[in-house]
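This report describes one protein model for a first-year student. Please look at the sequence and the structure below, then read on.

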Amino acid sequence: MVLGTISRMIKIQLPAYLKKLPLPETIGGFARLTVSEWLRLLPLLGILALLGYLTIRPFLPKKNKQRDSLINLKIQKENPRVVNEIDIEDLKSTNVCYCRCWRSKTFPVCDKSHIKHNELTGDNVGPLILKKKIL
């Protein structure tokens with residue numbers, strides 16, 4: 001059933017469609033086509049463009065994936081990890097960690113993504129930790 005439908009499309013409908021297309025004899029003839037004739041050519045031109053792209057695609061230069069780069073370029077580079085702790089009296093919870101590597105899936109809250117980032121890049125970025133000041 002499916003193969004019969006595809007066979008009918010290729011053997012009967014495609015040649016009939018191609019015969020009705022307003023293909024000019026010369027390149028200059030394309031300039032004389034009307035808007036309605038261009039609209040009738042559009043599906044064929046789209047398919048040809050897609051096939052052309054798929055043909056040359058393996059030969060196109062590959063895009064380099066952007067690799068992780070350093071975030072901390074100059075702050076406390078002598079330390080293995082930059083972590084700042086600030087004591088705040090009015091903090092409701094005991095500790096809150098905020099992300100500074102921009103990799104956290106729960107941003108702005110730190111989910112320790114900086115550990116993987118630091119391993120990949122050699123960076124030393126760490127979270128900002130707010131601690132409840134105990135009086």
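Helix H2 bends by about 40 degrees at leucine 42, and a proline, proline 43, follows within four residues. The bend at a residue is the angle between axes fitted to the seven residues ending there and the seven starting there. Helices (H or I, at least four residues) and strands (E, at least two) are DSSP runs, numbered from the N terminus. The model is predicted: local features need pLDDT of at least 70, side-chain atom pairs count only at pLDDT 80 or more, and totals for chains, interfaces and linings use all residues. Residues are numbered from 1 along each chain as its sequence is written, and side-chain values use heavy atoms, with hydrogens and water left out.

**Two bent helices**

H1 is bent as well, by about 35 degrees at methionine 9. How far should each helix reach from end to end? The expected span of a helix is 1.5 Å times one less than its number of residues. The table sets this value beside the distance between the end C-alpha atoms.

| Helix | Residues | Expected span | End C-alpha distance |
|---|---|---|---|
| H1 | 19 residues | 27 Å | 26 Å |
| H2 | 22 residues (35–56) | 32 Å | 30 Å |

For H1, the distance agrees with the expected span. The distance for H2 also agrees with its expected span.

**A nonpolar patch**

Which residues form a nonpolar patch on the surface? They are Met1, Val2, Leu3, Ile6, Met9 and Ile10, with about 720 Å² of accessible area together. Accessible areas come from the Shrake-Rupley method with a 1.4 Å probe, and for residues only the protein chains shown count as cover. Patches are made of residues with over 30% relative accessible area and no salt bridge; like charges are joined within 9 Å, and nonpolar side chains (Val, Leu, Ile, Met, Phe, Trp, Tyr) within 5 Å. Leucine 3, one of the patch residues, is found in helix H1, which covers residues 2–20. Leucine 3 counts as exposed because its relative accessibility is 69%. Buried means under 20% relative accessible area, exposed over 50%, and partly exposed in between (1.4 Å probe, protein chains only).

**The salt bridge and its surroundings**

Side chains of opposite charge can pair when their charged atoms come close. How many salt bridges does the structure hold? It holds 1 salt bridge, where the term means a side-chain nitrogen of Lys or Arg within 4 Å of a carboxyl oxygen of Asp or Glu. The partners are lysine 77 and aspartate 123, with their closest N and O atoms 3.6 Å apart. Lysine 77 lies in the loop between H2 and E1, and aspartate 123 in the loop between H3 and strand E3 (125–132), so the pair ties together parts that are 46 residues apart in sequence. Lysine 77 is partly exposed, at 37% relative accessible area, whereas aspartate 123 is buried, at 4%.

Aspartate 123 is also touched by asparagine 118, which further touches Arg81, Asn124 and Val125, not counting residues up to four places away in sequence. Contact means heavy atoms within 4.5 Å. Asparagine 118 sits in helix H3 (residues 113–121) and is buried, with 13% relative accessibility.

Leucine 73 is in the loop between H2 and strand E1 (82–88). Its C-alpha is 9.4 Å from that of asparagine 124, though the two residues are 51 places apart in sequence. Leucine 73 is exposed, at 65%.

**A pair across strands**

Glutamate 85 belongs to strand E1 and is partly exposed, at 49% relative accessibility. Leaving aside neighbours within four places in sequence, glutamate 85 is in contact with Ile129 and Lys131. Between glutamate 85 and lysine 131, the C-alpha distance is 6.8 Å, with 46 residues of separation in sequence.

**Backbone angles before H3**

Most residues other than glycine have a negative phi, and most peptide bonds are trans. Tryptophan 102 has a positive phi of about 65 degrees although it is not a glycine. For lysine 112, phi is near 70 degrees, again a positive value in a residue other than glycine. Tryptophan 102 lies in the loop between E2 and H3, and so does lysine 112. Tryptophan 102 is exposed at 62%, and lysine 112 is exposed at 57%. Proline 108 is in the loop between strand E2 (95–98) and H3. A cis peptide bond, with omega about 15 degrees, joins phenylalanine 107 to proline 108.
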